[in-house]
Amino acid sequence: MPAQNHPKFPIMRFSQLDSFSELVPGVSIRASRLVTGREDYLRDHFPLFAVLPGVLMLESLYQASCWLIYDMLQYKSGLLYMAEARNVKFADFVGPNETLEIACELVKRDGDRFLMKCQGTKGDVVAVSARLVIAPSVSDAAGDPQSLHDTFLSVAKREQFEEMFPKS
């Protein structure tokens, strides 16, 4: 059974990324997120001026960063979390039929923590920028349910990335 279909360990259901355009292993990643206008949350955010919520722009930066780190760790870490969000700046709105282009680069690796410099642009305009500290969950105990979950996620993430960024 493919990891993505395993009923006990669902992977992220709400991907904030549509595609990847570049991966420089251990250095940087580029991805994009199209706001189609059909997203359910746009009805409330905001009814007369629909825009991608800032927290979802930040989530897009985080998810792109995670893919770079998953690749660096050869998908051996199942779960990555955002330990810190520094210098987060929102500078422009992203609305329906607009694309958020995401660029993340590794600034520094300190043990199991990764400092990422990320930016989301709409055309030539910066919409969001941040420095994110991302770290993997750690679970080495044999038989630990978290360890099983991490193993499952490792396989699922590799499959998901290969679907979104096919090698030519």
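Two strands count as paired if DSSP finds at least two bridges between them, and the strands (E, at least two residues) and helices (H or I, at least four) are DSSP runs numbered from the N terminus. The model is predicted, so that local features need pLDDT of at least 70 and side-chain atom pairs count only at pLDDT 80 or more, while totals for chains, interfaces and linings use all residues. Residues are numbered from 1 along each chain as its sequence is written, and side-chain values use heavy atoms, with hydrogens and water left out.

**Exercise 1.** Work out how the strands of the sheet are ordered, and which strands lie at its edges.

*Solution.* Begin with the hairpin that β4 and β5 form, which has two residues between the strands and, in its turn, G111 with a positive phi of about 65°. These two strands pair in the antiparallel sense over nine bridges, and I102 stands opposite G120 in β5. Next, β5 (residues 113-122) pairs with β6 (residues 125-136), again antiparallel and over nine bridges, with L115 having V133 in β6 as its bridge partner. On the other side of the hairpin, β2 and β4 are joined by eight bridges in the antiparallel sense, where E98 in β4 is the bridge partner of V35. The whole is an open sheet of six strands in the order β1-β2-β4-β5-β6-β3, and its edge strands, each pairing on one side only, are β1 (19-24) and β3 (80-90).

**Exercise 2.** Describe how helix α1 is placed against the sheet, and what L132 touches.

*Solution.* Helix α1 (residues 54-72) lies across β1, β2 (28-35), β3, β4 (98-110), β5 and β6, and runs at about 50° to β6; axes are lines fitted to C-alpha atoms, for helices over the stretch in contact, with angles from 0 to 180 degrees between N-to-C directions. Taking contact as heavy atoms within 4.5 Å, L132 touches, among others, L58, L61, Y62, M82, F114 and M116, not counting residues up to four places away in sequence.

**Exercise 3.** Identify the residues of the largest nonpolar core that touch the most other members, and the element that gives the largest share.

*Solution.* A nonpolar core is a set of buried Ala, Val, Leu, Ile, Met, Phe, Trp, Tyr and Cys residues joined through side-chain atoms within 4.5 Å, buried meaning under 20% relative accessible area with a 1.4 Å probe and protein chains only. Of its 38 residues, F20, I29, M116 and L132 touch the most other members. Helix α1 provides the largest share, eleven residues.

Technical notes
Buried means under 20% relative accessible area, exposed over 50%, partly exposed in between (1.4 Å probe, protein chains only).
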